[in-house]
Amino acid sequence: MQIPADRRYTEAHEWVLSMDDGATVRIGITDFAQDALGDIVYADLPEVGLEVEAGDTLAEVESTKSVGEIYAPLAGAVVKVNAALDESPESINADPYGEGWIVAMELADSSALDTLLDAAGYRALTEDA
């Protein structure tokens, strides 16, 4: 299972990658999550401009097994969605940390990133699962 060290993670299996500007992050689901969901066939993405608090539902993905909610790891506003998922939702399975990203958000407080798990913390969480 892949757990890139350049990201932060949530206990709900989302990853957060800080972009170069320091205020924007890209969000997706982890390799662990996509594997648990099975073959993803649809992604219900939010509208650009949606403002969320940490823990709010951000998006949903449907797989052949179930529907999974994706939660906002941090407070902020959606500034971009991965429109390619409309045509190729399976890219979440094939490349969860790359082409399978879900949204980009501008954070309300970029220091909140420090509250999320690092790769070692996330690995420990998933090894216990």
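Q: In which helix is Thr126 found?

A: Thr126 belongs to helix 3, which spans residues 119–127. The model under discussion is a predicted one.

Q: How should the environment of one residue be read, and is Thr126 buried or exposed?

A: One begins with the relative accessible area, where a value under 20% counts as buried. Thr126 has a relative accessible area of 6% and is therefore buried.

Q: Which residues does Thr126 touch beyond its sequence neighbourhood?

A: With residues up to four places away in sequence set aside, Thr126 touches Met1, Ile3, His13 and Phe32. Its side chain also has a polar atom 3.1 Å from the backbone oxygen of Arg123.

Q: How does one extend this reading to the whole helix, and which residues of helix 3 are buried?

A: One lists the buried positions and then looks at their directions around the axis. In helix 3 the buried residues are Ala119, Tyr122 and Thr126. Viewed down the helix axis, these buried residues lie within an arc of 65°, so they line one face of helix 3. Ala120 and Glu127 are exposed on the other side of the helix.

Q: What covers the buried residues of helix 3?

A: The covering elements include strand 1 (8–9) and helix 1 (31–37).

Q: How is a sheet described, and what is the order of the open sheet of 6 strands?

A: A sheet is described by its strand order, the sense of its pairing and its edges. The open sheet of 6 strands has the order 1-2-3-9-8-5, and its pairing is antiparallel. Its edge strands are strand 1 and strand 5 (51–52), each of which pairs on one side only.

Q: How many bridges join strand 8 and strand 9, and which residue stands opposite Gly76?

A: Strand 8 (residues 76–81) and strand 9 (residues 103–107) are paired in the antiparallel sense over 5 bridges. Leu107 in strand 9 stands opposite Gly76, and Val103 in strand 9 stands opposite Val81. Strand 8 also pairs with strand 5, again in the antiparallel sense, over 2 bridges. There, Glu51 has Ala77 of strand 8 as its bridge partner.

Q: What is the order of the open sheet of 3 strands, and which strands stand at its edges?

A: The order is 4-6-7, with antiparallel pairing. Strand 4 and strand 7 (67–71) are at the edges with a single partner strand each, so one side of each has no neighbour in the sheet. From one strand to the next, the twist averages 25°. Strand 6 and strand 7 run antiparallel and are joined by 5 bridges; Ala59 stands opposite Ile70 in strand 7.

Q: How does one read a nonpolar core, and which residues of the largest one touch the most other members?

A: In soluble globular proteins, nonpolar side chains tend to be buried together. The largest nonpolar core here has 26 residues, of which Ile29, Leu58, Ile92, Ile102 and Met105 touch the most other members. Two or more residues of this core come from each of strand 3 (24–29), helix 1, strand 4 (40–44), strand 6 (57–63) and strand 9.

Q: With which residues is Met105 in contact?

A: Leaving aside neighbours within four places in sequence, the contacts of Met105 include Ala23, Thr24, Val25 and Ile27. Also among them are Val52, Leu58, Leu74 and Val79.

Q: Which residues does the second, separate core include?

A: This second core has 9 residues, including Tyr9, Leu17, Tyr97 and Trp101.

How values were computed. Residues are numbered from 1 along each chain as its sequence is written. This is a predicted model: local features need pLDDT of at least 70, side-chain atom pairs count only at pLDDT 80 or more; totals for chains, interfaces and linings use all residues. Side-chain values use heavy atoms; hydrogens and water are left out. Helices (H or I, at least four residues) and strands (E, at least two) are DSSP runs, numbered from the N terminus. Buried means under 20% relative accessible area, exposed over 50%, partly exposed in between (1.4 Å probe, protein chains only). A polar contact is a pair of N or O atoms within 3.5 Å; within protein, one must be able to donate a hydrogen and the other to accept it, and residues adjacent in sequence count only if both atoms are side-chain atoms. Contact means heavy atoms within 4.5 Å. The arc is that of the directions from the helix axis to the C-beta atoms. Two strands pair if DSSP finds at least two bridges between them. A nonpolar core is a set of buried Ala, Val, Leu, Ile, Met, Phe, Trp, Tyr and Cys residues joined through side-chain atoms within 4.5 Å. Axes are lines fitted to C-alpha atoms, for helices over the stretch in contact, and angles run from 0 to 180 degrees between N-to-C directions.
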